[in-house]
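Visitor: I should be grateful for a close look at one part of this structure, namely the loops whose backbone geometry merits comment. Please take them in order and describe the surroundings of each.

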Amino acid sequence: MAANYWTSTQRQFWHFTPSQLVSIRSALAAQHAAVINQYPTSDPRHILIFLKDQLLRLSRRQSRQQCLATTLVYIHRYLLTHPLQTINPYLLLTTAFYLASKTEESPHHIRAVLGEARQFWPEFVPGDVSRIGEMEFSLISEMRSQLIIWHPYRTLIELKGPEKEGGLELSNDEVGTAWSIINDSYLTDLPLTCAPHTIAIMAIFLAVAFQPTNKVTAGVSGLPTFQIPSTPNPTINNTSPASFQGLGGRQGMSAVINGVMNSSASGRPIVNAATDSKMKSNTKPVPSEKMQRIIHFLAESSIDLEQIISATQQIVSLYEVWESYSEKAVKESLARVIRGRGLDK
Amino acid sequence: MSFSTSDPPSALGEPQSATGLNRSAFPPTAASSLKRSVQTAFDDSLDRKMAPTTYTSKVKVREKYQIVGFISSGTYGRVYKAVGKNKAGDATSPISANSAAREVFAIKKFKPDKEGETIQYTGLSQSAIREISLCSELTHPNLIHLVEIILEDKCIFMVFEYCEHDLLQIIHHHTQPTRHPIPAPMIKSILFQLLNGLLYLHRNWVLHRDLKPANIMVTSNGAVRIGDLGLARLFYKPLTSLFAGDKVVVTIWYRSPDLLLGSKHYTPAVDLWAVGCIFAELLSLRPIFKGEEAKMDSKKTVPFQRNQMTKIIEVLGIPTKEDWPGIVEMPEYGQLQSLAYSRTGGSGYNSSSSHNHNHNHNIGHSHSHGRGASTGLDTWYNNVLRSANYPPSSTTSSGTEPNPDTPGLLGYDLLSKLLTYDPTRRLAAEQALQHPYFQDPGSGKISVSGNCFEGLEESYPHRRVSSDDNGIGTGSLPGTKRSGLPDDSLVPCGKRRG
């Protein structure tokens, strides 16, 4: 378990292929068709962006970011069996945070969490701790008591090097950017479909590709230079929720990533570069030294490159969707459901 | 939110639901004649009329299990003995797969807080969350086996395999009616299995933090199972220092010197100290360091456990900088110095033991006398072997065939390396398992039975299961919390009332 992701309950019971996810969700939607049709909600990623922002408010004074990441995974899991239209998302959020703070060993008192929640959403969160306690039962039960979550941060820290053999010698900026991309991954399905180390490697790859000095010498030149603002000095222990920032929500993010991704003649630059590296061919473009190291690492490791590509695409797609995000619209759609169905009672 | 449908998608053959069970399909068992009180206590919250709730469990604990008695209690709640109601042939049952071995269960019921008369959801304790989450991930032959967890009617029921014995009970048995030692091969098997389970925990970044005889279970087949993960936690890059999370860990008699001296960032070595204490207790049938706990004051500051530290010093001597270079960094180093001063200054510390006269060297002294051939632990060990009538350890020093009937010199060597002051020098679980004590002297291979009762004529009494839940308080002595023995069940039921 804690030493071995492959035997963890996360891998055994909470890891899905994208097509499995589709069938789970369509079965759930069919089962709750009436209410879902009555109360249409935004893109699921918009909901998660919204919930993440609310979570940052809730945890302002009392949180560590691994706790926030665990909270979001709990929400992902719960939504697999409960459509948004059947729950009070504010209560779910509050409870998931309360539970995650305990599993991540930085517990908060239930009254403190309730107090914070009531301060932000007095109209939606019942003023009784027993409602959080009850929701906690439901949450634990749906997750079948499997509460320990593996996160990509650990892999990022292990791989950044250079102190360790095989470290990738990432700069602070690169680590910060990768960290931000990992934070964003919690807003996609990646926590349910990807092993944590795959997400970490995807984030590292993108982060290195982003840094202007590392850009592939040919192809990217056409892109505007875009300095990615990254998480400053990220650590798991960082208590500032501001460090749970991602890259999403900034103008032109998806264009930048797409630019990086498609910068070579082929549409599959990573795979090709990795393959090329294996075959030691001398095709263009010529990546920077650091990029070469990463490509070499990808080629040498047994990591599924297709998975890395697909993870990257999910991130790109998130950033695209993010551009049409409206907090107001999500908030209102949720309020309609909660009021209409009496879920705040 | 009435969600009786839609099993979590990944069921993958996971034991899930027995909701189809019909209670009436099962004839009443002998257990149904059980005094009402145990069942009533178990049902405490179940039968209560409650406000309408939105959470309902998919699995009903009473539909699957029949409570047959009460085992023990603690601050967390109570432990009951139960039998499965499922028929052996029921393929949908999670317990049928191995029905012969798993028909009896121990159900740990976490008690909910009461506010007045009604039971409320008040949020699960950190301890319950730890036990739930860790037990769900961990599987090892030397770890208590979790069958399932049921969350029902504001209570958590953790269903475990039933273990007939525990080390506290076994040790106690060897003091009745007169003291007779636990056979040396049995101690060796217990210790090996205990270390093996501990190695698994540590490899998985789990600290147990409450190892003591009462928490070490033994099945009727002689398999050792580490139990009670209520204080256990992950220590991989902790978010907060371990100390900040729990000010006090490990029952006082089994608490390591590094903890006693206020270490903030302690390590798996704290568990190995406890293993050393348990090893000593298996040999002597008494806790080796039986100190008195200083209670936390009203300001919730953690007191220096002077008495416990003294008990350790009485056997091991005062730790020196040479023994333990990091000792000067310990928060309570000053307290230790004053303790050392009072002992060497002849200020009349009233020692109850007489065999420790050679341990009056002060902190900062280099190794003075008494550190060579015979340390205090050496003396302690030889005394124990002599009074227990184990063959004297010197017979094993010939280099020929060691006598399996004695823990011998190798046992002493292992013990002294577990009860080492410096946590960085204390043996790790993996090293301890490779100690020659466990090896066949001829082949050098590990030679320990996986059944600690192997070859034994002695049979151990079954766990006392009370049918009367009344009058068993939640108070407990160190080391006795988990088991009904000896402080609870030796007293006739009813006498303890009030």
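**Loops of chain B**

Guide: Chain B contains 14 helices and 12 strands. The model is a predicted one, and every value below is computed from it. Of the 498 residues in chain B, 45% are classed as buried. Where contacts in chain B link residues at least 6 apart in sequence, 69% of them join residues at least 24 apart.

Against this background, the loop between α5 (167-173) and α6 (184-203) of chain B holds Pro177(B). The peptide bond leading from Gln176(B) to Pro177(B) is cis, and its omega is near -15°.

On the other side of α6, the loop between that helix and β9 (206-207) of chain B includes Trp205(B). Trp205(B) is not a glycine, yet its phi is positive, at about 60°. As to its surroundings, Trp205(B) counts as partly exposed because 16 other C-beta atoms lie within 10 Å, whereas 20 or more would be required for a residue to be buried.

The last loop to consider runs between β11 (224-226) and β12 (233-234) of chain B, and Asp228(B) lies within it. Asp228(B) likewise is not a glycine, and its phi is positive at about 55°. Here the count of neighbours is 24 other C-beta atoms within 10 Å, so Asp228(B) is buried.

To draw the two residues together, Trp205(B) is partly exposed, while Asp228(B) is buried.

Note on methods
Residues are numbered from 1 along each chain as its sequence is written. Chains are lettered from A and ligands numbered from 1 in the order in which they are written. This is a predicted model: local features need pLDDT of at least 70, side-chain atom pairs count only at pLDDT 80 or more; totals for chains, interfaces and linings use all residues. Helices (H or I, at least four residues) and strands (E, at least two) are DSSP runs, numbered from the N terminus. A residue is buried if 20 or more other C-beta atoms lie within 10 Å of its own, exposed if 12 or fewer, and partly exposed in between; C-beta atoms are placed from the backbone. Two residues are in contact if their C-beta atoms, placed from the backbone, lie within 7 Å.
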